[in-house]
Protein chains: 2
Amino acid sequence: MDKVRQQMIQDNPAVRERLLGEALRLFTEKGYASTSVRELVESAGVTKPVLYYYFGSKEGLYLEIMNGISGLLDQRINELQQAGGTVRQRLLDFFSRLFVGARENIPAVRLAYAIYYGPPQGAPFIDFNRFFDTILVMVGTLVAEGVQNGEFRQVDRSALAWALVGCHSTIMEEQICRQTPRIGHDGLLSAIGLILDGAAAKNSAKELP
Amino acid sequence: MDKVRQQMIQDNPAVRERLLGEALRLFTEKGYASTSVRELVESAGVTKPVLYYYFGSKEGLYLEIMNGISGLLDQRINELQQAGGTVRQRLLDFFSRLFVGARENIPAVRLAYAIYYGPPQGAPFIDFNRFFDTILVMVGTLVAEGVQNGEFRQVDRSALAWALVGCHSTIMEEQICRQTPRIGHDGLLSAIGLILDGAAAKNSAKELP
DNA sequence: TATTATACTTACCGGTAGGTAAATAAAACT
DNA sequence: AGTTTTATTTACCTACCGGTAAGTATAATA
């Protein structure tokens, strides 16, 4: 294989990946229904039947992207292994890592949020509820442990879990929805820390790590 | 005017209102781009040029609905007069009323959220940022007052404001996104109360009202 | 009653939506 | 080299999109 041909292959991303990338970008920018197949393929530099060759339909392409995002979110959540330390430290670590992971995949996360909050707009249903549910359960488990081992006061466990998840969720949404977020990772840790300080039992009160 | 004709007029809602109502419903259910003018007018029981007669275009109809929603949100926020009492009581009252008002207008609020989080999908830009901004400022003002007058500890004011607004926002989103919300008004007050308990200065610690 | 204004209809417009058939080019295999 | 498989193209399909022209019906006014 000569060098020119070899270089062409290296410089030319696979058609399939190109379509996926452009579709994610356009679906994120414009929504499923407003993104036409025509502009998708133009953007990827191929012709329309190529899209149908690889994905069967516009919907097939969309589902492939959604499967990718779901897999990514599943992986990310699975990576949130429970580190050692106090419950407080583990919660701060949990939210910190969740936040950083999301910030590294803004387009995918933004699309997931748009689907969660928005109408289906002709796209097939994707269940993103379970990610939020999983996070709430994980936080609830840690909170219960903290209350049980005396690290936290005898607080309403559900209320504390919702307060923590809500705080994190809204600050993360700020990264998604604003060109220049008004609060970031440091602010997140401050707010989570403040809630945890308030929930701490008297003889185990801790400040920010 | 005979009775039969009179009854027909009374039973027949104005065409304009009917179009607005159906459009809000369909835009909320399906999104702007996936809702065709054809199904809008069918749903309202009129023909297509009637929509153009009253609103000029699909976009004109959409903007009219958005203006309605913006006006409603403005009005609701303005009604959140600062009641008397401690800062804690006022914050609980503020969030309670904000929550109840939103719950009374789920379709409008849901559409606003979808627009805030989602891509424009061919619809004209609507600035819903300012509502969230206004709420954050109002809460921030109350927090500052609480810290200043000694009711709250010397906490990071921004962190506390974001914690409170985030908690409220996520629980309110639960009303929007779930058929059967797992947490409601009572849970909101518990969670907000918990954060406020934690932020309270030692000699002014209060429990739920 | 005739005229004007308002409200609504039918039929139509140019353009675009997602998708496909047939043909061709390129790569892989025998 | 010939054949088969894979990848891609050109040209086309039906249905639908937002919007409009011309006409008609109804209500209000002079």
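The turns below deal with the interface of chain A and chain B in a predicted model.

User: What do the numbering and the cut-offs rest on?
Analyst: Residues are numbered from 1 along each chain as its sequence is written, and chains are lettered from A in the order in which they are written. In this predicted model, local features need pLDDT of at least 70 and side-chain atom pairs pLDDT 80 or more, while interface totals use all residues; side-chain values use heavy atoms, without hydrogens and water.

User: What makes A:R182 and B:D133 a salt bridge?
Analyst: The term asks for a side-chain nitrogen of Lys or Arg within 4 Å of a carboxyl oxygen of Asp or Glu. The side chains of A:R182 and B:D133 meet at 2.6 Å, N to O, so the pair fits the rule. The count between the two chains is four salt bridges.

User: How do you know that the two copies are related as by a two-fold rotation axis?
Analyst: Copies are superposed by least squares on the C-alpha atoms of residues with pLDDT of at least 70 in both. A rotation of 180 degrees with 0.0 Å of shift along its axis puts chain B on chain A, with an RMSD of 0.0 Å. The copies are therefore related as by a two-fold axis. In chain B, B:G198 comes closest to that axis, at 1.6 Å (C-alpha).

User: Why is it said that the copies meet through the same surface?
Analyst: With contact taken as heavy atoms within 4.5 Å, 44 residues of chain B are in contact with 44 residues of chain A. Because 100% of the interface residues of chain B are also interface residues in chain A, the copies meet through the same surface.
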